[in-house]
Amino acid sequence: MPILVITAVAAERDAVLGGARSWRTPGPDVLAVGAGPAAAAAGTAAALARGAYDVVINAGIGGGFPGSAPVGSTVLATRVVAADLGAQTADGFVPIEELGFGTSAFDVDPQLVARVGDALRAAGLALATGPALTVSTVTGTAARAAELARWHPGAAVEGMEGFGVATAAAAFGVPMLELRTISNAVGPRDRAAWRIPDALRALASAFAALEGSPTR
């Protein structure tokens, strides 16, 4: 069965397709479904309803947490977290689990992370692993970055789609991965410091390294 890759935007889709062009096995189905967790969940669910897949990969670029994932590195999520799904109180953030309304996180199969991680490291890519935070508002201040790091110890990367993809994948019983390459540090918003073309090239390199088989 084929692999489904979900990206937010066309540039990420094209990078994945460019990397997967070298696969000796059939390449993945790659869809750009829009930014944010709602668009990601809807697009992933629609694709899974149309066909059967071994695995769903949310792929794209993202912000790396300093000390965990430097600019230029590749991140594989060990856990996908809706970082701001809950309630803000006078005593701090309360996740939705504590409110009794559902779940804010999905653990990723560690064996799947290990197999894909081995393939990426074998290709010489700088790899970090850790929780991937999904947000609806991209972090733009040092204070917010510190707050997220405090709420979610060990966080490696911030993106906008992972939790939506994970929610749809779980509903269909399909394993899910989140793979992101780092274009900027999570913190003060500084567009001049972003390395988007480099991150897209790294995304292509990551998919070239996979060649399809490690995810099966």
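**A walk through the strands, helices and pockets**

In this predicted model, G86 of strand 5 sits opposite P95 in strand 6. That pairing is a good place to begin the tour. Strand 5 covers residues 86-89, and four bridges hold it to strand 6 in the antiparallel sense. Between the two strands the chain turns through a hairpin of two residues.

P95 also leads us to the next stop, since P95 is among the residues that line the second largest pocket. This pocket has a volume of about 170 Å³. Strand 6 (92-95) supplies at least two residues of its lining, and so does strand 4 (74-82). Sorted by class, the lining holds seven nonpolar, two polar and two charged residues. Including P95, the list contains R79, V81, F93 and E97, along with S104, A105 and P131, and also W151, H152 and P153.

S104 deserves a pause of its own. You can find S104 in the loop that runs between helix 3 (96-99) and strand 7 (105-107). Is S104 buried or exposed? The relative accessible area of S104 is 7%, and because the cut-off for buried is under 20%, S104 counts as buried. Leaving aside residues up to four places away in sequence, S104 touches V80, V81, A82, L85, P95, I96, E97 and F163.

The last of those contacts, F163, takes us to helix 6, which spans residues 162-172. F163 is buried there, and so are G162, G164, V165, A166, A168 and A169. Just after helix 6 comes G173, which takes a positive phi of about 70 degrees.

Now let us go back to the start of the chain. Strand 1 covers residues 4-7, with L4 and I6 pointing one way and V5 and T7 the other, and all of them are buried. Strand 1 runs parallel to strand 2 (residues 29-32), and four bridges join the two. Within this pair, I6 stands opposite L31. To get from strand 1 to strand 2 the chain passes through helix 1, making a right-handed β-α-β crossover. Strand 1 pairs with strand 3 as well, again in the parallel sense, over three bridges. Here V5 faces I57 of strand 3.

Helix 1 and strand 3 meet us again at the largest pocket, where each supplies at least two residues of the lining. Strand 9 (157-159), strand 10 (176-185) and helix 7 (196-210) each do likewise. How much space lies in the largest pocket? The figure is about 410 Å³. Its lining is made up of 22 residues, and those nearest the centre are E12, I61, G62, V138 and M160. By class, eleven of the lining residues are nonpolar, six are polar and five are charged.

Our final stop is L203, a residue of helix 7. With a relative accessibility of 0%, L203 is buried. Which residues does L203 touch, not counting those up to four places away in sequence? They are E12, A15, V16, A59, G60, L179 and T181. E12, one of these contacts, is also among the residues nearest the centre of the largest pocket. As for helix 6, L203 and A166 are 37 residues apart along the chain, and their C-alpha atoms are separated by 20 Å.

Notes. Residues numbered from 1 in each chain as written. Predicted model: local features only at pLDDT ≥ 70, side-chain atom pairs only at ≥ 80, totals over all residues. Heavy atoms only, no water. Buried < 20%, exposed > 50% of the residue type's maximum accessible area, 1.4 Å probe, protein only. 1 Å grid on protein atoms, 1.4 Å probe; cavity = no way out; pocket = protein on both sides within 12 Å on 5 of 7 lines; lining within 4 Å. Points joined across faces, edges and corners; volume = space filled by probe spheres on them. Nonpolar A, V, L, I, M, F, W, Y, C, P; charged D, E, K, R; others polar. Pairing = 2+ DSSP bridges. Right-handed = clockwise from strand over helix to strand, strands pointing away. Contact = heavy atoms within 4.5 Å.
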